[in-house]
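The following note collects points on the structure for a colleague's consideration. The points are numbered so that each may be checked on its own.

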Amino acid sequence: MGKVRHILKMLLLLLAAAGAGAGLTLWALHALGADTDGMSRLGRGVLKAGGNEWKIAATEHFTGYAPSAELVELLLRKAEHASREVEIALDIPPLTNHAHCFLITDSNLWKTVRQRGGWRTDGRALQYGNEFVLFIPDAETEMEDSIPHEIVHFRLRQVYANREPLALEEGLASYLGWEITLEWHLGGGKIITRVQPRLPGETLWSLNELVSAQAYDQNADRNRAFYRQSEEWVRGIVSLIGPESLGEFVRLVFDGEMTWDRALREKWGLSDLQMDKLSAIAESGK
Ligand SMILES: [Zn+2]
């Protein structure tokens with residue numbers, strides 16, 4: 001890379017959308033190197049750390065970087081699919097910025113990238129501006145929903161400057177990330193499941209703690225509980241107000257118009273009993 005300005009040649013071709021949604025065209029990028037114009041220190045650093053190993057391709061909204069052509073294709077198909085699904089689920093406008101997504105499968109490369117650090121991370125990805133970096137170790141089925149999960153974060157960041165409480169953002173990423181993954185596989189006639197070990201009681205958060213958290217917990221077990229409980233809390237909200245109201249709820253809370261509990265009580269008329277039920281769902285950590 002260096003300071004040399006690389007010329008990007010895009011060849012429109014190939015890989016017409018095969019079953020992964022209409023209108024998705026992958027562009028294979030034949031370039032002397034990637035186009036780093038407008039990239040942040042994160043993107044440039046990751047590109048450099050991966051050296052000549054990156055395979056690069058692009059779709060309408062994303063440029064993908066991965067260690068093999070197959071993975072770039074999967075990454076881009078999932079990213080475009082998830083982005084559309086998030087728009088529908090949260091009633092947000094279509095993506096206007098072009099994003100760069102890097103998929104790392106090599107743990108040493110991930111370590112190198114993380115050590116340059118200072119980037120926001122929820123443990124399995126780094127995001128900055130229009131760039132995000134995902135670490136999915138080979139054959140890691142547990143992280144099946146990583147791409148849609150990060151796309152939810154990415155799309156929320158595009159639309160809402162303030163995304164508090166953190167449990168709502170993380171809960172949405174986990175809840176929608178998983179629902180989108182289920183849809184993705186159902187489209188291919190496949191049903192997937194995930195194994196969720198029971199959370200030890202001492203790691204559980206009260207709902208009050210959950211919605212007050214402003215940062216990820218340094219303790220891995222507590223953090224695992226934070227993710228799971230945030231997801232169940234959001235799933236509980238959806239069950240009470242209906243999926244068609246989720247976008248409106250998120251807008252009210254992230255735009256700061258109403259606190260989450262006031263929105264549920266006043267806008268959707270939830271009773272004390274229903275609010276207690278929601279607490280019980282979030283706090284059970286099941
Ligand atoms: Zn997350």
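1. Asp91 lies in the loop between H2 and S5. In this predicted model, the phi of Asp91 is near 50°, a positive value in a residue other than glycine. Most residues other than glycine have a negative phi, and most peptide bonds are trans. Asp91 has 14 C-beta neighbours inside 10 Å and therefore counts as partly exposed.

2. A second backbone feature concerns a peptide bond. The bond from Glu164 to Pro165 is cis, and its omega is near 5°. Pro165 is placed in the loop between H4 and H5. Both backbone features deserve a look in the viewer.

3. The chain as a whole may be summarised as follows. It contains 10 helices and eight strands. Of its 286 residues, 36% are buried. Among contacts between residues at least 6 apart in sequence, 63% join residues at least 24 apart.

4. Strand S5 covers residues 99–104, and six of its six residues are buried. Which residues lie on each face of S5? Ala99, Cys101 and Leu103 are on one side, while His100, Phe102 and Ile104 are on the other. Both faces of the strand are covered, since each of these residues is buried.

5. S5 pairs with two strands that should be examined in turn. Strand S4 (residues 62–66) runs parallel to S5, and four bridges join the two. Within this pairing, Gly64 stands opposite Cys101 of S5. S5 also pairs with strand S8 (residues 131–135), in the parallel sense and over five bridges. Here His100 stands opposite Glu131 of S8, and Ile104 stands opposite Phe135 of S8.

6. The connection through helix H2 merits attention. S4, helix H2 (residues 69–90) and S5 together make a β-α-β unit, and this unit is left-handed. The handedness can be inspected together with the S4 and S5 pairing, which is parallel. The loop between H2 and S5 is also where Asp91 is found.

7. Is S8 largely enclosed or open to the outside? Five of the five residues of S8 are buried, so the strand is largely enclosed by the rest of the structure. Glu131, Val133 and Phe135 point one way from S8, whereas Phe132 and Leu134 point the other way. Glu131 is thus listed among the buried residues of the strand, and Glu131 is also the residue opposite His100.

8. S8 has a further partner in strand S7 (residues 125–128), to which it is joined by four bridges in the antiparallel sense. Tyr128 has Glu131 of S8 as its bridge partner. S7 and S8 form a hairpin with two residues between them. In the turn, Gly129 has a positive phi of about 55°. Glu131 accordingly appears opposite His100 in one pairing and as the partner of Tyr128 in the other.

9. Two packed helices are described by the angle between their axes and the distance between the axes. The axes of H2 and helix H4 (residues 146–159) come within 9 Å and cross at roughly 50°. That angle makes H2 oblique to H4. The crossing of H2 and H4 is right-handed. On the H2 side the contact is made by Leu75, Lys78, Ala79, Ala82, Ser83 and Val86, and on the H4 side by Ile147, Pro148, Ile151, Val152 and Arg155.

10. H2 also packs against helix H5 (residues 166–186), at an angle of about 120° and with the axes 10 Å apart. H2 and H5 are therefore oblique to each other, and their crossing is right-handed. In this contact Lys78, His81, Ala82, Glu85, Val86 and Ala89 of H2 meet Leu176, Ile180, Glu183 and Trp184 of H5. Lys78, Ala82 and Val86 appear in the contact with H4 and again in the contact with H5.

11. A last point concerns Asp221, which is placed in helix H7 (residues 220–241). Is Asp221 buried, exposed or partly exposed? With 13 other C-beta atoms within 10 Å, Asp221 is partly exposed. Asp221 touches Pro200 and Thr203, not counting residues up to four places away in sequence. Asp221 and Glu202 are 19 residues apart in sequence, and their C-alpha atoms are 9.4 Å apart in space.

Note on methods: Residues are numbered from 1 along each chain as its sequence is written. This is a predicted model: local features need pLDDT of at least 70, side-chain atom pairs count only at pLDDT 80 or more; totals for chains, interfaces and linings use all residues. A residue is buried if 20 or more other C-beta atoms lie within 10 Å of its own, exposed if 12 or fewer, and partly exposed in between; C-beta atoms are placed from the backbone. Two strands pair if DSSP finds at least two bridges between them. A crossover is right-handed if, with the strands pointing away from the viewer, the path from the first strand over the helix to the second runs clockwise. Axes are lines fitted to C-alpha atoms, for helices over the stretch in contact, and angles run from 0 to 180 degrees between N-to-C directions. Angles under 35 degrees count as roughly parallel, over 145 as roughly antiparallel, 65 to 115 as roughly perpendicular and the rest as oblique. A crossing is left-handed if the near helix is turned anticlockwise from the far one by less than a right angle, and right-handed if clockwise. Two residues are in contact if their C-beta atoms, placed from the backbone, lie within 7 Å.
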